[in-house]
Amino acid sequence: MSASREKKQRQGSQGLTQKQRQEQQEAQAKRRKMIGYTTCGVILAVLVAALLIWHSGFFQSRTTAATINGHSYTPTDVAFYYTQALNQEYMMAQYGMSTFNPQTSAREQFIDEAQTSSYFDKFMTTALEELTRITALVDAANADGFTADEEVRTYVNDSMASLDNTLPNGYNRESYLKAIYGKYMTVARYKTCLERQALANAYQSAHQDSLTYDDAALENYYTENKADLDTYQYSLSYFNGTAPNPTDENGDPKLDDQGNAVTATEEEQAAAMEAAKEDAQKLVDEVRDGGSFATLAARYESQSDGNTYTADQTARGSGLSSTYKEWLTNDSRKAGDVELFEASGGVYVVLFQDRYRNEELIGTADVRHILIKAETAESSETDSSGNPIPSQEALDAAKAEAQSLLDQWKAGDQTPESFGALANEHSDDPGSNTNGGLYENIPQGQFFSGFNDWMFDPSRQVGDTELIENPQSGQQGWHVVYFQKKGELLWKYTAANALRSNEMSEWLTGLQADYAVQQDSGIKYVDD
């Protein structure tokens with residue numbers, strides 16, 4: 001401050017009365033107080049804003065929950081896979097295969113008696129393993145310049161459409177995703193997870209499809225695994241070794257003093273099992289002495305309601321019961337060999353008939369179909385799945401329409417293309433009514449039994465057609481089916497799949513070999 005200005009201020013101050021100087025001091029104090037209030041207000045506003053932002057999840061959702069090979073992932077990235085693991089466990093619990101209770105925090109439930117490992121730990125391990133796989137595949141895809149833009153876009157769009165179709169009342173996309181994956185999930189983050197997953201799976205599928213095997217490789221695999229790949233023919237006689245529970249004079253279950261059903265004693269059970277073994281041994285001895293297995297087994301079957309006889313069984317080695325598999329698959333086995341095997345509750349007697357590599361049974365097939373669903377009314381009764389049950393009249397009408405379409409096709413040029421045109425126009429199957437009703441490379445067991453059995457009948461020939469009823473809940477109606485192509489022989493298909501599976505497992509393990517996984521501070525927000 002200049003000397004002249006300071007002098008003027010002193011002069012001005014000196015010219016004030018005592019009252020004026022007091023008022024001036026009070027004004028300055030008030031001004032300082034107001035400045036203090038304003039400063040406190042600003043600080044309080046900042047704190048309130050920060051608190052609101054914190055409760056919004058802004059900071060938590062941007063923390064790092066895990067780091068995998070240098071890639072940082074947020075709590076929502078991890079929660080995407082954590083929730084998948086949780087849902088899988090929940091499904092197991094529904095079938096009594098798990099003790100997990102979704103109503104209780106996973107951190108408070110343990111999978112071991114010592115309570116050293118919680119379900120949270122289990123789900124987190126599974127989630128990070130899956131995220132590591134996804135990370136390694138995405139890295140490899142980017143390094144190879146692999147892109148799958150259309151496939152990724154389709155996967156995301158289909159997933160979002162599926163989400164929209166399952167929205168409960170009162171939920172939108174955002175609120176429903178938060179309910180499933182946690183309060184930090186958003187639509188944008190969910191789509192990012194879907195895109196990452198779609199690219200990884202597309203790259204994995206492309207690599208898998210590139211793995212092919214020549215006949216020499218398949219023959220080599222067969223030689224090493226022929227016990228499982230060969231087909232076996234045998235007959236089976238079962239002797240029941242379970243003692244019946246006591247009954248009263250009326251044939252009703254006998255009750256004890258507490259009203260509980262009386263069960264057979266251990267001595268009675270042992271005696272029944274011993275009797276079954278004696279009869280089984282008699283059958284074995286009689287067959288070895290030249291008796292007819294069929295005649296003798298049928299005789300023993302008639303002696304007890306619990307005894308059974310099954311003639312001319314046919315099964316692949318991989319599908320044989322472990323009770324007698326080792327014996328049946330022994331290379332020294334010859335036609336007419338017979339042996340008994342103890343099992344839980346009884347004894348088996350097995351007659352070996354033949355073993356061969358099936359050169360007719362196929363592993364996959366291509367088929368076209370037209371589904372005509374039976375119509376239902378709003379008043380229709382529903383089944384256990386909540387789907388309406390069509391009347392017999394509606395089923396008959398569906399069959400008549402299916403027959404009419406088959407007759408129409410037979411009256412024409414009877415080509416796969418003409419069948420496909422009818423499928424596109426008339427089929428009620430949304431999964432195939434835009435591509436001519438065609439399903440390709442269908443393995444055994446993918447369709448319901450009636451459809452599956454027709455497709456894989458050894459006598460099936462290209463061009464065969466048939467009407468097949470669909471009894472499945474929500475799908476009741478009739479199929480017009482056209483057999484288009486036989487796939488690989490079953491033994492070759494099995495061998496190629498096994499080789500491919502082993503090679504894929506080694507490939508995936510190699511991709512992830514050097515991937516370090518680290519849990520970071522944001523991991524606590526995954527199931528928040």
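Select Y82 and F120 to begin: both residues are buried, a word that stands for under 20% relative accessible area, with exposed meaning over 50% and partly exposed in between (1.4 Å probe, protein chains only). The model on the screen is a predicted one, in which local features need pLDDT of at least 70 and side-chain atom pairs count only at pLDDT 80 or more, while totals for chains, interfaces and linings use all residues. Residues are numbered from 1 along each chain as its sequence is written, and side-chain values use heavy atoms, with hydrogens and water left out.

**Aromatic pairs**

The whole structure holds 28 aromatic pairs, where rings of Phe, Tyr and Trp (its six-membered ring) pair if their centres lie within 6.5 Å, and where planes under 30 degrees apart count as stacked, over 60 as edge-to-face and the rest as tilted. The rings of Y82 and F120 form one of these pairs, and because their planes stand at 50°, with 5.6 Å between the centres, the pair is tilted. Y82 belongs to helix α3 (residues 75-94) and F120 to helix α4 (residues 119-144), so that the pair links distant parts of the chain, 38 residues apart; helices (H or I, at least four residues) and strands (E, at least two) are DSSP runs, numbered from the N terminus.

Next, select Y324 and F341, whose ring centres are 6.4 Å apart and whose planes meet at 55°, so this pair is tilted. Y324 is found in the loop between β4 (308-316) and α11 (325-328), and F341 in strand β5 (residues 338-343), so the two rings tie together parts that are 17 residues apart in sequence. Y324 is buried, at a relative accessible area of 6%, and F341 is buried as well, at 13%. Add Y234, Y238, W327 and Y348 to the selection, since together with Y324 and F341 they form one aromatic cluster.

**Charges over rings**

Move to R357, the charged end of which sits over the ring of W491, 4.0 Å from its centre; this requires NZ of Lys or CZ of Arg within 6 Å of the ring centre and within 35 degrees of the ring normal. R299 can be viewed in a similar way, lying over the face of Y300 at 4.9 Å from the ring centre.

**Helix α3 and the turns around it**

Return to α3 and colour its buried residues, among them P75, V78, Y82 and E89. The buried residues of this helix pack against β1 (66-68), β2 (71-73), α4, α6 (173-181) and α7 (187-209). After α3 comes G96, with a positive phi near 75°. Now select N69, in the loop between β1 and β2, which has a positive phi of about 50° although it is not a glycine; N69 counts as partly exposed, at 34% relative accessibility.

**Two strand residues**

In strand β1, pick T67, whose C-alpha atom is separated by 7.1 Å from that of D520, although the two residues are 453 residues apart along the chain. Leaving aside neighbours within four places in sequence, T67 is in contact (heavy atoms within 4.5 Å) with S72, A516, V517, Q518 and D520.

What lies around D366 once its neighbours within four places in sequence are left aside? Y439, E440, N441, F483, Q484 and K485 are in contact with D366, which is placed in strand β7 (residues 364-373). D366 is buried yet has no salt bridge, and the nearest side chain of opposite charge, K485, is 4.6 Å away; a salt bridge needs a side-chain nitrogen of Lys or Arg within 4 Å of a carboxyl oxygen of Asp or Glu, and Lys and Arg count as positive and Asp and Glu as negative, with His and the chain ends not counted.
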